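Here are a few exercises to work through with the model open beside you. Try each task yourself before reading its solution.

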Amino acid sequence: MASTDCTCRSIAHLTGGKSGDVASQAEHYTHTYYSKGDSAAEQEKVEEHRKASYEDVVCRYYDQATDFYEYGWGQSFHFAPMRRGEAYSESQARHQHRLALKVKADVGMKVLDVGSGVGGPGREIAQLSGADVVGININHYQVERARRISAERGMSSKCTYVEGDFHKMPFEDNSFDAVYAVEATCHSPDLSLVYGEACRVLKPGCLFGAYEWIYTDEFDSENKVHRDIIDGLLEGNGLPCLSTEAEVRAAVKKAGLELLQMEDLALTSSVSWYSPLTFGKDITRSIFRSTAIGRKTTQAMLMGMEALGRAPKGMTNTHAMLCRGADGLVEAGKLGIFSPMLFFLARKPL
């Protein structure tokens, strides 16, 4: 009963700050950017519109999704290689530490977090390394959340946030000692542009490390099952498109960076990377809300709260859209057609 009461209180908090236009926001997002075309040509037209409007896609998505993300994931919105018996927050912290060590973040350095979310990874990396972390994020709500959380934790002097587009960063050339991205640049319709900006602001000889979302070689664009799974994954995660490992490699080169290392870390995990979205013997109760059972419980409670007028209309639709994304991730993971953790390390030439 205590656990149920806690879940109810959390959902009440989740819905409390939402405005009454949730329904129209959710409908516009799905209808405008992810509607199904009657033909391949129409579907391609929708995708091109989505790419051209990536700023609106991402901002509308995270305006709807951020509170749900924090409710289900905490303040670090990413996957990580897992070890049996390990709490998922520990897996995430280890994943963040690995990236910090790879880009050689250290005391006195100015480090850029590209697509910084609500600041979870940045705060962890700042605490680990002693570096000053600057996050850039296009979504106003997330920037404000990141600033508020950092202030509450007494980290405002170590972690600062800039509202801006990572394709057009408002920073001087050669102004950062290291740059990293944690499953954020997947929101770009053209990776070479964001990688190019990372290269521009990075000091010569310094490092850029990232975790990228990709199609694997197992994905078959002619397979309708594969396409339908990826469609749900794209919509439910606010993505304009996805890239292959070869396309990521080409984008790094086009950006003017020297590729030092590339590895799909999903292949190194002793527990399936999508396990946080399922429910089994390897999962700790700390992430129950993100599992299929947890998502269904949340959906049922939201439906009841909407019916009673305790939650804005449209909250269940928004949550259902996020669930389609989660289901797509699980199915894509089971089929091996997708990975959320292609790691690469690159250097800006001297």
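Of the 350 residues of the chain, 54% count as buried, where buried means under 20% relative accessible area, exposed over 50%, and partly exposed in between (1.4 Å probe, protein chains only). The model is predicted: local features need pLDDT of at least 70 and side-chain atom pairs count only at pLDDT 80 or more, while totals for chains, interfaces and linings use all residues. Residues are numbered from 1 along each chain as its sequence is written, and side-chain values use heavy atoms, with hydrogens and water left out.

**Exercise 1. The overall fold**

Count the helices and strands, then find what share of the contacts joins residues 24 or more positions apart.

*Solution.* Start with the DSSP runs: helices are H or I with at least four residues, strands are E with at least two, and both are numbered from the N terminus. This gives 12 helices and eight strands. Next, take contact to mean heavy atoms within 4.5 Å. Among contacts with a separation of 6 or more, 76% are between residues 24 or more positions apart.

**Exercise 2. Two helices and their cover**

Work out which residues of α8 and α10 are buried, and what covers them.

*Solution.* Begin with α8, residues 191-201. Its buried residues are Leu 191, Ser 192, Val 194, Tyr 195, Glu 197, Ala 198, Cys 199 and Val 201. That is eight of the 11 residues of α8, so this helix is largely enclosed by the rest of the structure. Its cover includes β1 (110-114), β4 (176-182), β5, β6, α10 and β8.

Now turn to α10, residues 245-254, where Val 248, Ala 251 and Val 252 are buried. These three cover an arc of only 100 degrees around the axis, which puts them on the same side of α10; the arc is that of the directions from the helix axis to the C-beta atoms. The face turned away from them carries the exposed residues Ala 246, Lys 253 and Lys 254. Among the elements covering the buried residues of α10 are α8, β5 (202-215), β6 (243-244), β7 (258-264) and β8 (338-347). Finally, look just past the helix: α10 is followed by Gly 256, with a positive phi near 90 degrees.

**Exercise 3. Nonpolar cores**

Find the residues with the most contacts inside the largest nonpolar core, and trace the contacts of Leu 233.

*Solution.* A nonpolar core is a set of buried Ala, Val, Leu, Ile, Met, Phe, Trp, Tyr and Cys residues joined through side-chain atoms within 4.5 Å. The largest has 66 residues, and Trp 213, Leu 233, Leu 242 and Phe 338 have the most contacts inside it. Leaving aside neighbours within four places in sequence, Leu 233 is in contact with Trp 213, Leu 239, Leu 242, Arg 324, Gly 325, Gly 328, Leu 329, Ala 332 and Phe 338. Apart from the largest core lies another, of 30 residues, among them Val 134, Phe 208, Leu 257 and Ala 346.

**Exercise 4. The largest pocket**

Describe the volume and the lining of the largest pocket.

*Solution.* On a 1 Å grid over the protein atoms alone, a pocket is an open set of points with protein on both sides within 12 Å along at least five of seven lines, and lining residues have an atom within 4 Å of a point. Grid points are joined across faces, edges and corners, and a volume is the space filled by probe spheres set on the points. The volume comes out at about 650 Å³. Of the 24 lining residues, Gln 43, Glu 44, Glu 47, Arg 227 and Asp 231 lie nearest the centre. Both α3 (40-52) and α9 (224-237) supply at least two lining residues, and α9 gives the largest share, eight residues.

**Exercise 5. Positive phi outside glycine**

Compare Lys 104 with Glu 183: where does each lie, and is each buried or exposed?

*Solution.* Most residues other than glycine have a negative phi. Lys 104 has a positive phi near 60 degrees and lies in the loop between α5 (88-102) and β1. Its relative accessibility is 59%, so Lys 104 counts as exposed. Glu 183 has a positive phi of about 50 degrees and sits in the loop between β4 and α8. At 6% relative accessibility, Glu 183 counts as buried.

Technical notes
On a 1 Å grid over the protein atoms alone, a cavity is a set of points where a 1.4 Å probe fits but cannot get out, and a pocket is an open set with protein on both sides within 12 Å along at least five of seven lines; lining residues have an atom within 4 Å of a point.
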